[in-house]
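Colleague: I'm new to this structure and would love a close look at one part of it. Could you pick a single residue, walk me through its surroundings, and then show me how the neighbouring parts fit around that picture?

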Amino acid sequence: MEATEAMVCALESIGAAVEPGAPGEAFFALDGLRSIYGGSSRGVLAAARRAVGEGWAIATGSSRFAAFLAVGEWEPPVSVEALRTRLGVRERQADELIESLGRLGISTLQAFVRLSDDEVADRFGPLGLQALRLCRGEEEPLRPRTPHEEIAEEIELPEGTAGRQLDRALELLVDRLLAVPQRKGRTLLGLRLGARLAAGGSWSIEQGLGRPSASPPVLRNVLTTRLEELPGPATALHLRAIGLGPPARDQLELSVGGSEPRRRRLGAAVREVRAAQGAEALLKILPVDGCSRVPERWAMLTPFPEL
């Protein structure tokens, strides 16, 4: 699912209005994009391939089903087997329809679409009519999702990072995530913590927050316990926001000893400076590993918190 979400976000980054499909699938219309990418479908497809990277196949078609056939390289005449996963019904129901078509000698989509609506309704019922409309390209218009801004950060880890050093790396990652300009002061609803493992592969886990928060201590506390579930040494940690809530200033706050108004003003000042000068405008020193023989590991610069 994470790979599919990354692919959908990559397509949205080129301006595509994307409708996510089954895991590993997404659909978008070329109309409106051709004028941006050289005036042709070829230019749009080239931009899409560059955005999603290797490992994804992209093809065009007059409908979702036609695009599915093209990307799957079904050779004509296309077998009715192509319908098996496209009807949105249980596997047994799809199997029964395909078997019924086969018993009547209908083995290809081309033979199937020659039947009339009445013939299909009489022999195969509502599911048959649904399949017939699918083959004819009679599908509903795309229903693109509302694109969301990607709020994510990643940090590379030195070899042998563990224990308190790993906690410091997580602290740095949280600070960087909260300093991302796209957040615009909004709270977070959930987080996905992940890692690239030194032995190969990846690991990730989602963490809900219970209530919207943009408090660095709160985020670090809930993530530190999840970090203990890391299955092995990692070469990188990454953190992604799962949903954005109301701005932090809209949350209820308790005033303690008159210090809270000052913290709010300081937080507002930090946001204003970042809005004008960028995420790296205000930094603080984060001690990492004072015992290391490598000076670069003693401390790192991390975004100053909004408090």
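Modeller: Happy to! Let's start with Leu 134, keeping in mind that this is a predicted model. Setting aside residues up to four places away in sequence, Leu 134 touches Phe 65, Leu 83, Arg 86, Leu 87 and Glu 139. Take Phe 65 from that list: Leu 134 and Phe 65 are 69 residues apart along the chain, yet their C-alpha atoms are separated by 6.7 Å. Leu 134 itself is found in helix 6, which covers residues 117-136. Is Leu 134 buried or exposed? Its relative accessibility is 14%, so Leu 134 counts as buried, the cut-off for that being under 20%.

Now for the cores. In the largest nonpolar core there are 29 residues, and those touching the most other members are Leu 188, Leu 191, Leu 193, Leu 237 and Leu 239. At least two residues of this core come from each of helix 7 (164-178), strand 4 (186-197), strand 5 (202-213), helix 8 (216-227) and strand 6 (234-241). Helix 7 gives the most to this core, with 8 residues. Leu 134 belongs elsewhere: apart from that core lies another, of 21 residues, and Leu 134 is among them, as are Val 78, Leu 115 and Ala 131. For a view from inside the largest core, try Leu 237: leaving aside neighbours within four places in sequence, its contacts include Leu 157, Leu 166, Leu 170, Leu 173 and Leu 227.

Next, a pocket. The second largest pocket holds about 690 Å³ of space. Its lining has 30 residues, and the closest to the pocket's centre are Ala 26, Phe 27, Phe 28, Ala 59 and Ala 67. Helix 1 (2-12), strand 2 (26-28), helix 2 (41-52) and helix 3 (64-71) each give two or more residues to this lining, and helix 3 gives the most, with 4 residues. By kind, the lining divides into 18 nonpolar, 6 polar and 6 charged residues.

Finally, follow the chain into the loop between helix 3 and helix 4 (91-103), where Pro 77 lies. The peptide bond from Pro 76 to Pro 77 is cis, with omega near -5 degrees. Glu 73 has its place in that loop too. Although Glu 73 is not a glycine, its phi is positive, at about 55 degrees. With a relative accessible area of 64%, Glu 73 is exposed, whereas Leu 134, where we began, is buried.

Methods. Residues are numbered from 1 along each chain as its sequence is written. This is a predicted model: local features need pLDDT of at least 70, side-chain atom pairs count only at pLDDT 80 or more; totals for chains, interfaces and linings use all residues. Side-chain values use heavy atoms; hydrogens and water are left out. A nonpolar core is a set of buried Ala, Val, Leu, Ile, Met, Phe, Trp, Tyr and Cys residues joined through side-chain atoms within 4.5 Å. Buried means under 20% relative accessible area, exposed over 50%, partly exposed in between (1.4 Å probe, protein chains only). Contact means heavy atoms within 4.5 Å. On a 1 Å grid over the protein atoms alone, a cavity is a set of points where a 1.4 Å probe fits but cannot get out, and a pocket is an open set with protein on both sides within 12 Å along at least five of seven lines; lining residues have an atom within 4 Å of a point. Grid points are joined across faces, edges and corners, and a volume is the space filled by probe spheres set on the points. Ala, Val, Leu, Ile, Met, Phe, Trp, Tyr, Cys and Pro count as nonpolar, Asp, Glu, Lys and Arg as charged, and the others, Gly among them, as polar.
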